[in-house]
Amino acid sequence: MDAVTDHIADFARFITASPSSYHAAAEVARRLDEAGFERLDEAAAWKSTPGGRYIVRDGAVIAWLQPEASTPTTPFRVLGAHTDSPGFKLKPSPTTGRLGWLQAGVEIYGGPLLNSWLDRELELAGRLALRDGTEVLVRTGPFLRIPQLAIHLDRSVNDELKLDRQRHVQPVWGVGDAREADLLGELAAMAGVDRDDVAGYDLLTADTQEPRRFGRDDAFFAAGRMDNLSSVYAGLVALLKAHSAGANAEHISVLAAFDHEELGSQSRSGASGPILDDVLTRIGESLGSTRSQQKQAYAASWCLSADAGHAVHPNYAERHDVANQPFAGDGVLLKINANQRYATDAAGAALVARLAASSGADYQTFVSNNTVPCGSTIGPLTATRLGMRTVDVGVPLLSMHSAREMVHVDDAVALAELAGAFFAGA
């Protein structure tokens, strides 16, 4: 249990340090720096020498481990994940309010489970862009709350809760006259910058309750943003382990933590954008690769698309497939969908079987009930854009897209073990 305890404790620290996609990318970068990886500037020329390197683009980070024996046709092993999570994003003209309450104007980001965000102490976190082009990260700590209407004022609330997405989810952060308050000024002061220097911002809400283990034998772990920091963290642990052990000479190991997956991934830092192809192309060019050789490398490559999935819910068993019901603690999900919402095929399933046999990690299959269509991941996007063989996996969660999700600790560890075998070349 010591290894599990250490893994989950560090996972909790990683989540706590990552209240936004920008903070998650910064925390990945910090840990890579500590391990001796070199941060590269996308606007500069890149080295062809072996070693660990990474780039940060907005809220995304891509890191790789290039072995000394790399050639123009050396294939890639890409673990794809995403740094963003559902919540609320601060609107322009963010200071609102009425009846003596100060409120923050927010827009819904992605598909949060709205009721789970009520009556929680929330923070704003993200980046401020200054007029000189620099950016600073900011987080408020407990600062906001979306208060629910008391049952005395709505006797039907336990029968049917309906939240208006405009009127009912604007959080409070103080008292006073909204005409005289300045939320952005408060945030600038917290970041140590002048209010007048702030020219733009990307700020989102995050739950401030600390992650913790609970349940019989502390088998469960609860925290916000495990969709999909669970995969980012597992991939980072696996890449750092590969770095310590020495890069596998037969492939280039890549951690691709994209942003904006919860919105459809269509951005310059999302999986539908150019970021991964940009990086892989430049790695290949630094090795002298031609376009034809790059395609050869892609044809021999694999992407392990890692994103959280659903454990069978004991109170809603009818929402799951009758024969494929993943249980908490039974291992990583192998995610399958006939309509290619997940990219797994027979070859991908065989790869996961090899990874599990090599690492000792348990895995289990997930497929949706035919009447409850599943979401999608970065897997099909990567397969479509690059022609790279791709398989979808992830940890099984309960309460996905809630402000606070839960996982079995053994499943979180199993994903890191599977990712480790993937980078080791199993």
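**Strand β6 and helix α3**

Seven of the nine residues of β6 are buried, so this strand is largely enclosed by the rest of the structure. Buried here means under 20% relative accessible area. The model is a predicted one, and β6 makes a handy place to start looking around it.

On one side there is β5. The two strands, β5 and β6, run antiparallel and are joined by eight bridges. Within this pairing, Gly97 sits opposite Leu102 of β6. The turn of the hairpin is a short story in itself: two residues lie between β5 and β6, and Leu99 takes a positive phi there, near 55°.

β6 also pairs with β9, again in the antiparallel sense, and here three bridges do the joining. Leu102 turns up in this pairing too, standing opposite Gly174 in β9. Put together, Leu102 faces Gly97 and also faces Gly174 in β9.

Next comes helix α3, which spans residues 183-191. Its buried residues are Leu183, Leu184, Gly185, Leu187 and Ala188. As for what lies over them, the cover includes both β6 (101-109) and its partners β5 (87-98) and β9 (172-175), along with β7 (122-130), β8 (135-139) and β10 (198-207).

The two ends of α3 each have a detail to point out. At its start, Asp182 reaches in with a side-chain oxygen, which comes to within 3.3 Å of the backbone nitrogen of Leu184, one of the buried residues of the helix. Just after α3, Gly192 takes a positive phi of about 75°.

Methods. Residues numbered from 1 in each chain as written. Predicted model: local features only at pLDDT ≥ 70, side-chain atom pairs only at ≥ 80, totals over all residues. Heavy atoms only, no water. Buried < 20%, exposed > 50% of the residue type's maximum accessible area, 1.4 Å probe, protein only. Helix = DSSP H or I, 4+ residues; strand = E, 2+ residues; numbered from the N terminus. Contact = heavy atoms within 4.5 Å. Polar contact = N/O pair within 3.5 Å; in protein donor to acceptor, adjacent residues only side chain to side chain. Pairing = 2+ DSSP bridges.
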